[in-house]
Amino acid sequence: MQYLITHFSDFQLASLGSFFLHESVFFLSGLPFIYLERAGLLSKYKIQTKNNSLAAQEKCITHLLLYHIGVNLPLMIASYPFFRFMGMKSSLPFPSWKVVLSQIIFYFILEDFVFYWGHRILHTKWLYKHVHSVHHEYATPFGLTSEYAHPAEILFLGFATIIGPAITGPHLITLWLWMTLRVLETVEAHCGYHFPWSLSNFLPLYGGCAPCLLATLLLDADFHDYHHRLLYTKSGNYSSTFVYMDWIFGTDKGYRKLKALKRDGVEEESKQK
C-alpha cells in the first residue's frame with residue numbers, strides 16, 4: 001500500500017484503483033463457477049440440475065464488460081469529489097482495526113436494509129418488466145450473473161452499496177475491504193451451488209416458534225437461487241446479505257415452506273429405510 005500511495009494520486013487510487021480491484025475480485029471469484037458448471041465438477045452441490053448454455057454464459061460476460069466500463073467506471077470517477085468531500089483519504093496512517101470493523105459492520109447492515117426495499121420496489125410490475133427483468137433472464141444463476149442487470153438497476157441498487165461509505169468517508173483501505181467482501185458475498189449468493197462450508201450453515205437464527213430453524217442469519221446461494229426460480233410476483237427472498245428482513249416482513253414464507261417440505265420428505269424417506 002505504501003508503494004501505491006507514493007506512486008499514485010488519491011484520485012487514481014479511489015477511482016481507477018477501485019475499478020481495477022472490483023474487476024479483479026469479481027471475475028476471479030465468478031469465473032470458476034462457469035468452469036465448475038461446464039466440467040460437471042461438484043455437481044452434487046449444485047442447486048439446480050439445469051446448466052446454462054455456452055452462448056448464455058458468453059452473453060453475460062460480454063454485457064458485464066460493457067456495463068462495467070460504460071456505467072461502473074464513470075460512476076466511480078464522478079463520485080470521487082463527493083467521497084473526498086466526506087473525508088475519504090488514502091494517506092497513512094491506516095485506521096485501527098476497531099474503526100475498520102465497526103464501519104464494515106455498519107455498511108453490511110445499512111446496505112442490507114436499503115437493498116431489501118430497493119429490491120422489493122424493482123419487483124413491482126412496471127419496474128420489473130422494464131428494468132429488473134434483465135437480471136432475471138438467468139433463472140439458473142451462476143456467479144457472474146450477480147452483476148448482470150439493466151444500467152438503471154446498477155445505479156439504483158448500487159446506491160445501497162455506496163451509501164454507507166458515502167456517509168462515513170472511510171479510509172480507502174476500508175472502502176476496498178468493503179468492496180471486496182460485498183463482491184464475494186453477491187457472487188456466492190448467485191453461484192448456483194450450496195456448499196457444506198457456507199456460513200449460513202453455521203450461523204443460525206432460531207425462530208423460536210417451531211421445532212426447526214425458520215431462518216438463517218446469513219443469506220446463502222440456495223436462498224437467492226429460489227428467488228430466481230420463481231415468477232416475479234411470487235418470488236420473495238429480497239435480501240442481499242442477511243435474511244432477517246424477509247423473515248420480519250414474511251417475504252420468505254414460500255421458501256421456508258419449500259424447505260420444510262423437503263426436510264419432511266427426507267425424514268420420511270429415512271424412516272422407510
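In which helix is the place of leucine 101? Leucine 101 sits in helix H4, where helices (H or I, at least four residues) are DSSP runs numbered from the N terminus.

The views show a predicted model, in which local features need pLDDT of at least 70, side-chain atom pairs count only at pLDDT 80 or more, and totals for chains, interfaces and linings use all residues. Residues are numbered from 1 along each chain as its sequence is written, and side-chain values use heavy atoms, with hydrogens and water left out.

**View 1. The nonpolar surface patch that includes leucine 101.** Trp97, Leu101, Ile105 and Ile109 make a nonpolar surface patch of about 430 Å². Patches consist of residues with over 30% relative accessible area and no salt bridge; like charges are joined within 9 Å, and nonpolar side chains (Val, Leu, Ile, Met, Phe, Trp, Tyr) within 5 Å. Accessible areas come from the Shrake-Rupley method with a 1.4 Å probe, and for residues only the protein chains shown count as cover. Leucine 101 has a relative accessible area of 42% and is therefore partly exposed; buried means under 20% relative accessible area, exposed over 50%, and partly exposed in between (1.4 Å probe, protein chains only).

**View 2. The largest cavity.** The whole structure holds 3 cavities of 30 Å³ or more. A cavity is a set of points, on a 1 Å grid over the protein atoms alone, where a 1.4 Å probe fits but cannot get out; lining residues have an atom within 4 Å of a point. The largest cavity has a volume of about 880 Å³, a volume being the space filled by probe spheres set on the grid points, which are joined across faces, edges and corners. Its lining comprises 38 residues, with His22, Glu147, Ile154, Gly158 and Thr161 nearest the centre of the cavity. Helices H2 (10-39), H3 (54-85), H4 (97-122), H6 (151-168) and H7 (172-189) each supply at least two lining residues, and H7 gives the most, with 8 residues. By class, this lining has 18 nonpolar, 15 polar and 5 charged residues; Ala, Val, Leu, Ile, Met, Phe, Trp, Tyr, Cys and Pro count as nonpolar, Asp, Glu, Lys and Arg as charged, and the others, Gly among them, as polar.

**View 3. The second largest cavity and the salt bridge of aspartate 10 with arginine 84.** The second largest cavity contains about 40 Å³ of space. Asp10, Ala14, Tyr80, Arg84, Met88, Lys89, Ser90 and Leu172 line this cavity, and H2 and H3 are the elements that give two or more residues to the lining. The lining divides into 4 nonpolar, 1 polar and 3 charged residues. Aspartate 10 and arginine 84 also meet through their side chains in a salt bridge (2.6 Å, N to O), defined as a side-chain nitrogen of Lys or Arg within 4 Å of a carboxyl oxygen of Asp or Glu. Because aspartate 10 lies in helix H2 and arginine 84 in helix H3, the pair ties together parts that are 74 residues apart in sequence. Aspartate 10 is partly exposed at 24% relative accessible area, as is arginine 84 at 40%.

**View 4. A salt bridge within helix H7.** The side chains of arginine 182 and glutamate 185 form a salt bridge (2.4 Å, N to O). Both residues lie in helix H7, 3 residues apart, about one turn of the helix. Arginine 182 is buried at 8% relative accessibility, and glutamate 185 is buried at 13%. Glu111, Arg182 and Glu185 are joined into one network by salt bridges that share partners.

Methods
On a 1 Å grid over the protein atoms alone, a cavity is a set of points where a 1.4 Å probe fits but cannot get out, and a pocket is an open set with protein on both sides within 12 Å along at least five of seven lines; lining residues have an atom within 4 Å of a point.
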